[in-house]
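Reader: I am in my first year and should like to examine one pair of packed helices closely. Could you describe how the two are arranged, and then place them within the rest of the chain?

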Amino acid sequence: MDMQSKRIALDKIYKRRDRYEIPDWQRKGVWNDSQKKRLIDSVLRGWKLPKFYFQKTGSDPETFEVVDGQQRLTAIWGFYDGVLELSEESVEAFGAKSYKDLADSLSDAFDDYEIEYDVIADATEKEVKEFFQRLQAGLPLTSSEKLNSIHSKLRDYCVELSEHPFFKTSTVVLDRRHAYFDICSKVLVLEIEGLDSGIRFDDVSAAFLSNTAFSHSSAIARRVKSALDLLVEVFPEKSAVLKQRSMIQSIITLVCHLQEAGMADDQVPTLKEFIERFSGELARQVELGAAATDYDYMAFQRTVNANTKSGVRQRHEVLLRKLFAAHPDFFSVVNRSSGLEEALRTDVQRCAKEIRTTVQTVNERYAAKHGEDLFKATNKTAATLSSLDERISSLDEYKAWVDKLYFVFRESVGQRLNDQVPQSFLDVNNLRTYLQHDVDHGKGVAAKRKKLGETFAKYAGDSIPEGYDFGFSSSLQANLLNALVADLRSLAKSPV
């Protein structure tokens, strides 16, 4: 067993937090907010923290399992993310409640604070257990090790599935402490119990016990195996995309969902491209840290770090939203799957709310520079903004909705953006042009129609509104509103 002592600054480990796996057996005895706040206070005072212990699990990039220090890391990440605020005593001492409000000297000191840690590499299971028996009176059994002792045919199938070539061929996860069995157990339980099922030890063990007669030839068993068969074909070599258990579980669950809904063979290459792009953008957003710009990726990563019961559904919904945004044609494949419409409606409502607040922020910053609002502040503007999340169920309702978007993001803005109009604003204009103006006259008719059709397909996956199924329009709404949110965030940071 090789052990090396190292140091790392907090901002660096925060920006690479997607490389640190927190195993289930470390998630017990969760700290309360008071304990977390005291830890952050100690860091701000420059006090030394106990040593952390990480076990190396992969290379290029290096990945680790957090063997000791999970509670401290999640507290630090929570403070960076703004979900953990300081105690009243700390506020009095440091003059701020959150990381973003700290004085530059304090935030710099917090970023530069170095933790000490030991990296364990090239260790056998026996060596790791022996080391931690000496360090802290015994290394607890993992959830997977405990589950392995349960008599159940569901458990037996999870053992069988953990031998699937996908895990050793495609993933960079090592099968330490039954890691593959752990992933299979969670995937199977989610397929049986649904996305709102918990996946901690008590939840999975209960599912094992209630499925003692589970059939290896059942539809669920075949679906999960089929997903693994597809994934090993999609990733015939080890992929850095498949480096974390939570990410692997989420991808398998996504593929199960798409296959059940009827994904076509010719869509599989697109799915691979999407998974790789999603993983890359997730890593980029995590690397940005507090400067991250995409709410969805940050929400996805927080569920991995926090392991909340709702995290599985949140990750699944983020993956679907991003898939539909990049490839709207996929929505026609899965639009009738259980719960998806509700998830998209929630996203539409979230976007509409953020648009309202961000428009106000942009106006305040723009007015401070130019002496006037960017978006015309009238009663009509306020009323229009309040109704952006209304449900669309027909072509006429879609036309009315686009008119509202046009009023806010074209008429209300006027010429104040000059030649710096965001792309989503231009897209709103194109969508309305298609609906309101006759483009069948004059020069370049074919080019005009093609351009306008491409704009609609960008968000809906269908080239013409007249043929679109508005019974499931939430994907179209969510895609367009998300695009507007992203451009508004950019304007809020540096309004022209």
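Author: The crossing of α13 and α14 is right-handed, a term used when the near helix is turned clockwise from the far one by less than a right angle, whereas an anticlockwise turn is called left-handed. The model is a predicted one, in which local features need pLDDT of at least 70 and side-chain atom pairs count only at pLDDT 80 or more, while totals for chains, interfaces and linings use all residues. Residues are numbered from 1 along each chain as its sequence is written, and side-chain values use heavy atoms, with hydrogens and water left out.

Two packed helices are described by the angle between their axes and the distance between the axes. Here α13 spans residues 245–261 and α14 residues 268–288; they pack at an angle of about 150°, and their axes are 13 Å apart. Each axis is a line fitted to C-alpha atoms over the stretch in contact, and angles run from 0 to 180 degrees between N-to-C directions. The helices α13 and α14 are therefore roughly antiparallel, the word for angles over 145 degrees; those under 35 are roughly parallel, 65 to 115 roughly perpendicular, and the rest oblique.

Contact (heavy atoms within 4.5 Å) is made by Met-247, Ile-251, Leu-254, Val-255 and Leu-258 of α13 with Leu-271, Phe-274, Ile-275, Phe-278 and Leu-282 of α14. By class, this contact has 10 nonpolar, no polar and no charged residues. Nonpolar covers Ala, Val, Leu, Ile, Met, Phe, Trp, Tyr, Cys and Pro; charged covers Asp, Glu, Lys and Arg; the others, Gly among them, are polar.

As for the rest of the chain, the protein has 23 helices and five strands. These are DSSP runs numbered from the N terminus, helices being H or I of at least four residues and strands E of at least two. Of its 496 residues, 53% count as buried, that is, under 20% relative accessible area, with exposed meaning over 50% and partly exposed in between (1.4 Å probe, protein chains only).

Another helix, α22 (residues 445–460), holds Thr-455 and Tyr-459. Thr-455 is buried, at a relative accessible area of 6%, and Tyr-459 is likewise buried, at 5%. Beyond four places in sequence, Thr-455 touches Asp-427, Asn-430 and Leu-431, while the partners of Tyr-459 include Pro-328, Ser-424 and Asp-427. The C-alpha atoms of Tyr-459 and His-327 are separated by 8.4 Å, although the two residues are 132 apart along the chain.
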